[in-house]
Amino acid sequence: MIGCVASDNGQGWAEDCFEAGDIGMVATSDDWLDVVVFDPADREACGQAYVMDGGDQQGRCGTGPLVFGQENRPLEALTISIPGWGKLCMRPYVEEHGWQDWQCGVGGNRVTVGTPNGGWGLGAIMFYYSFMP
């Protein structure tokens with residue numbers, strides 16, 4: 001397993017675990033995501049969230065569940081990196097703009113989705129990871 005992602009989907013917490021080559025997703029029936037949990041399954045990962053009216057949150061790194069965002073504040077942007085030989089991609093659904101293009105990083109490069117200080121919350125994020133030779 002590559003990892004799991006979780007969020008409050010408007011009905012309670014929902015988790016989606018995924019393997020390399022699969023797509024994991026967090027989404028909400030509310031207007032926007034406020035807190036996203038990323039668990040890299042025993043790999044080190046780092047990330048940072050940007051929340052509306054709160055700005056950049058403190059960056060986090062670790063091998064266990066990483067919590068990004070702030071309760072009751074729209075998540076406007078999310079940055080994640082997973083060091084090593086792999087490709088991490090994320091695709092956001094942006095409030096009032098719909099699904100955006102996939103953003104990818106290779107070999108630990110950071111991937112950012114959303115627009116910090118853009119005024120639009122993220123309604124969903126798809127995650128994809130593949131191993132690179």
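## Exercises on strands, disulfides and the core

At 64% relative accessibility, Asn72 counts as exposed (exposed means over 50% relative accessible area, buried under 20%, and partly exposed in between, with a 1.4 Å probe and protein chains only). The model is predicted: local features need pLDDT of at least 70 and side-chain atom pairs count only at pLDDT 80 or more, while totals for chains, interfaces and linings use all residues. Residues are numbered from 1 along each chain as its sequence is written, and side-chain values use heavy atoms, with hydrogens and water left out.

**Exercise 1. Positive phi angles**

Task: State where Asn72 is found and what its phi value is near, then treat Asp53 likewise.

Solution.
- Step 1. Asn72 is found in the loop between E8 and E9. (Helices, H or I with at least four residues, and strands, E with at least two, are DSSP runs numbered from the N terminus.)
- Step 2. The phi angle of Asn72 is near 65°, which is a positive value in a residue other than glycine.
- Step 3. Asp53 belongs to the loop between E5 and strand E6 (55-56). Its phi is near 60°, again positive in a residue other than glycine.
- Step 4. Asp53 has a relative accessible area of 70% and is therefore exposed.

**Exercise 2. The disulfides**

Task: Determine how many disulfides the structure holds and which pattern they follow; then describe each link.

Solution.
- Step 1. There are three disulfides in the structure (a disulfide is a pair of cysteine sulfur atoms within 2.5 Å). With bonded cysteines counted along the chain, the pattern is 1-2, 3-4, 5-6.
- Step 2. Cys4 is joined to Cys17, with an S to S distance of 1.9 Å. This pair links distant parts of the chain, 13 residues apart: Cys4 in strand E1 (residues 3-8) and Cys17 in strand E2 (residues 13-18). The torsion about their S-S bond is about 100°, and therefore the disulfide is right-handed. Cys4 is buried at 8% relative accessible area, whereas Cys17 is partly exposed at 37%.
- Step 3. Cys46 is joined to Cys61 at an S to S distance of 2.0 Å. Because Cys46 lies in strand E5 (residues 45-51) and Cys61 in strand E7 (residues 60-62), the pair ties together parts that are 15 residues apart in sequence. The angle about the S-S bond of Cys46 and Cys61 is 115°, and the link is right-handed. Cys61 is exposed, with a relative accessible area of 53%.
- Step 4. The sulfur atoms of Cys89 and Cys104 are 2.1 Å apart in their disulfide. Cys89 in strand E10 and Cys104 in strand E12 (residues 103-106) are 15 residues apart, and their pair links distant parts of the chain. The link of Cys89 and Cys104 is right-handed, with 110° about the S-S bond. Cys89 is buried at 4%, while Cys104 is partly exposed at 41%.

**Exercise 3. The partners of E10**

Task: Find which strands pair with E10 and how many bridges join E10 to each.

Solution.
- Step 1. E10 pairs with E14 in the antiparallel sense over nine bridges (two strands pair if DSSP finds at least two bridges between them). Pro92 stands opposite Ile125 in E14.
- Step 2. E10 also pairs with E12, antiparallel, over four bridges. Gly105 in E12 is the bridge partner of Leu88.
- Step 3. E10 and strand E11 (residues 98-99) run antiparallel and are joined by two bridges. Here Val94 has Gly98 in E11 as its bridge partner.
- Step 4. The hairpin of E10 and E11 has three residues between the strands, and Glu96 in this hairpin takes a positive phi near 70°.

**Exercise 4. The two faces of E3**

Task: Decide which side chains of strand E3 (residues 23-27) are buried and which are not.

Solution.
- Step 1. The side chains alternate along E3: Gly24 and Val26 point to one face and are buried, whereas Ile23, Met25 and Ala27 point to the other and are not.
- Step 2. E3 pairs with strand E14 (residues 122-131) over five bridges in the antiparallel sense. Ile23 stands opposite Tyr128 in E14.

**Exercise 5. The core**

Task: State how many residues the largest nonpolar core has and which element gives the most to it.

Solution.
- Step 1. The largest core has 25 residues (a nonpolar core is a set of buried Ala, Val, Leu, Ile, Met, Phe, Trp, Tyr and Cys residues joined through side-chain atoms within 4.5 Å). Phe38, Leu78, Ile80, Ile125 and Phe127 have the most contacts inside it.
- Step 2. E14 gives the most to this core, with four residues.
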